[in-house]
Amino acid sequence: MEDKNLTLPKKGAQGVSKSSVIKTALKKDLLLYLLLILPIAYFIIFKYLPMYGIVLSFRHYKPGGSMIGDKWMGFTYFKLFLKDPTFWNVFKNTVVLSFSALIIGFPFPIIFALLLNEVRNTKAKRFIQTATYLPRFLSTVVVAAMIRSMLSPSSGIVNQVIQFFGGESIYFIMKKEWFRPIYIISDIWQFMGWSAIIYIAALSGVDEQLYEAAHIDGAGRWKQTLHVTIPGILPTIMITLILNVGNTLQVGFEKVLMLYNRAIYDVADILQTYIYRMAFEKSTNYSLATAIGLFQALISLTLLWITNTISKKFTEYSLW
Amino acid sequence: MNRVFSYKNFRVLNSILMLILVIATLFPFLYMIAVSFSDYRAVGRGEVFLIPVNPNITSYTQILGMSKFYMSYLNTIFYTIVGTAISLVLTIICSYPLSKKHLLGGTVILKLIVFTMFFSGGLIPNFLLLRDLDFINKIWAILIPGAISAYNVMIMKTFFQGIPSALEDSARIDGLNDIGILVWIVIPLSKAILATIGLFVAVWIWNDWFMALIYLPKAENLRPVSLFLRNIVYGAYNQIRAGNVLDSKDANTVPETIQAATIVLISIPIIIVYPRIQKYFAKGMMIGSIKG
């Protein structure tokens, strides 16, 4: 609560009416408020207007008509998709894909950070880090195109290796059982290096004296890792885990959109791709698609709220 | 302690593991480079590993001969430069006032901005809004909707707050107003964070294809190169599907080398730029404290 105004050195504004407080603020910080006009307009138009546009999920959309629909329909669209088995399959796919990607992918950046921490050569360390960041910065289109190319049944390198060892070529991207492994493995490849940043930073923050003390007590490198390093980064691990759970329904929609096809919709179709097709490919059922989008957004928000509450309770970190 | 698991052995093993990891990370990309320089027949026969077979630049001359390719490449460059400039200016003028703790209403505005990180209107309301604004099939659809990210505002605001207020105070005594202070004192001191956020936004715009897919359905001349690549990938895929030849050698050999060349050409600017981003974004991730 620092009050750094050189122009108006008055203390407190208790006795003053609200409107005069606003007036003095406007007068003092007029230029700052002027700067804010465009950004505020941006957030109102491009963030809050679409939020208002969600009412479309309760109203009937006439093709080419108003963005908030033309007739009140109540919960019609919600009842419609909640009764639809296709929706529930898509919902299940979303949950399974996101949770398995989270659970399987989560330990990799931690182990990577721990191992990288043992590399003493600073130059080598930096090079390894930089190299492993690369996939994070490539476009989803590029990543998906590379995956498709490498997995191609005729020319792809993976099938060449399989055939070299006498196996049968597999048409990976048309096989249901391969969709999730492909998604998760490529996710690890894309994000392991980048996600490790936060652990690497935490590792560098572990108190050197603790290592010295452990060393004096006769602990070897392995014991030091077990009793000093891991406890040292445990808070970071916890907060990351909690936040990841909170964000869990936000699956890599673009990657799925680039990797899936009709043959594997059964397992690969997730809520966002389902919404996308409903609005832009199959039909233009905007109201229904908006309703499903709202459903997903609310679940995500709830998950985030729950995990944030847990985090607040057990660690000192929280989002709000 | 067991000799085999001595720390010395561990370090050797660890070095090998790290080497494998680096190779595995870079492999897909190196493979694409090899494919792009190879004879398409050799690619079709699956002979290419990491060294190009019958090295040639045919796929590059072919792709560069396509007017659609370089038009979309130029579009991407345009979107990246102009979009980044717009984004930086808006992010600065949004973050600077909010970095002042005494600003009346600042906390409320900040909270409303942060809320947009966790909840949004979603695909269709956004699309219909842009339709009503007449942005669809216009460059504005790419340049404006993603211009300010709440996350970048948080990072920049936190950075601005770290600038010693004594500097600003003395500038004020010298007669500079708030905008003067921002332009002459704060921005020159924030070059590092501006460069980082700018590069990050630039990479994001460069890579985006989904906005172009839904917002530029009919404007072929305005499409970015990422969408061009996406259409090549789908073209090859549909070719196979239409012919019902699941493993025909000819169906996807020609696009394969061209696709690889496109991937390489799209990714090269990113590869040049991304190592510069990491330093500050490691910090940015740590800032996490959205509370402000």
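Trainee: What makes the residues of chain B and chain A count as being in contact, and how many does each chain give?

Mentor: The criterion is heavy atoms within 4.5 Å. In this predicted model, 103 residues from chain B and 98 residues from chain A take part in the contact.

Trainee: What area is buried between chain B and chain A, and what share do carbon and sulfur atoms give?

Mentor: About 9100 Å² is buried between the two chains, and carbon and sulfur atoms give 75% of that area. Helix α1 (residues 7-36) of chain B gives the most to the side that touches chain A, with 16 residues. By class, that side of chain B has 70 nonpolar, 19 polar and 14 charged residues.

Trainee: How many salt bridges are there between chain B and chain A, and what would one require?

Mentor: A salt bridge requires a side-chain nitrogen of Lys or Arg within 4 Å of a carboxyl oxygen of Asp or Glu. The count between chain B and chain A is zero. Polar contacts are a separate matter: 17 residue pairs across this interface are in polar contact, both residues being at pLDDT 80 or more.

Trainee: Why is the pair of B:F27 and B:F49 called tilted?

Mentor: Ring centres must lie within 6.5 Å to pair, while planes under 30 degrees apart count as stacked and those over 60 as edge-to-face. The centres of B:F27 and B:F49 are 5.7 Å apart and their planes stand at 45 degrees, so the pair is tilted. The structure holds 42 aromatic pairs over all chains.

Trainee: Why is the pair of B:F27 and B:F49 said to tie together parts of chain B?

Mentor: B:F27 lies in helix α1, whereas B:F49 lies in the loop between α2 (40-44) and α3 (58-64), so the pair ties together parts that are 22 residues apart in sequence.

Trainee: Which domains does chain A have, and how many residues of each enter their contact?

Mentor: Chain A is divided into domain 1 (18-72) and domain 2 (76-314). Each domain supplies eight residues to the contact. Their centres, taken over C-alpha atoms, are separated by 34 Å.

Trainee: Which three residues of domain 1 supply the most area buried against domain 2?

Mentor: A:I54, A:S57 and A:Y61 supply 60% of the area that domain 1 buries there, more than any other three residues. The area buried between the two domains is about 680 Å², of which carbon and sulfur atoms give 72%.

Note on methods
Residues numbered from 1 in each chain as written. Chains lettered and ligands numbered in written order. Heavy atoms only, no water. Domains from an automatic or database assignment. Buried area = accessible area lost by both parts, 1.4 Å probe. Polar contact = N/O pair within 3.5 Å; in protein donor to acceptor, adjacent residues only side chain to side chain. Helix = DSSP H or I, 4+ residues; strand = E, 2+ residues; numbered from the N terminus. Nonpolar A, V, L, I, M, F, W, Y, C, P; charged D, E, K, R; others polar. Phe/Tyr/Trp six-rings, centres within 6.5 Å; stacked < 30°, edge-to-face > 60°.
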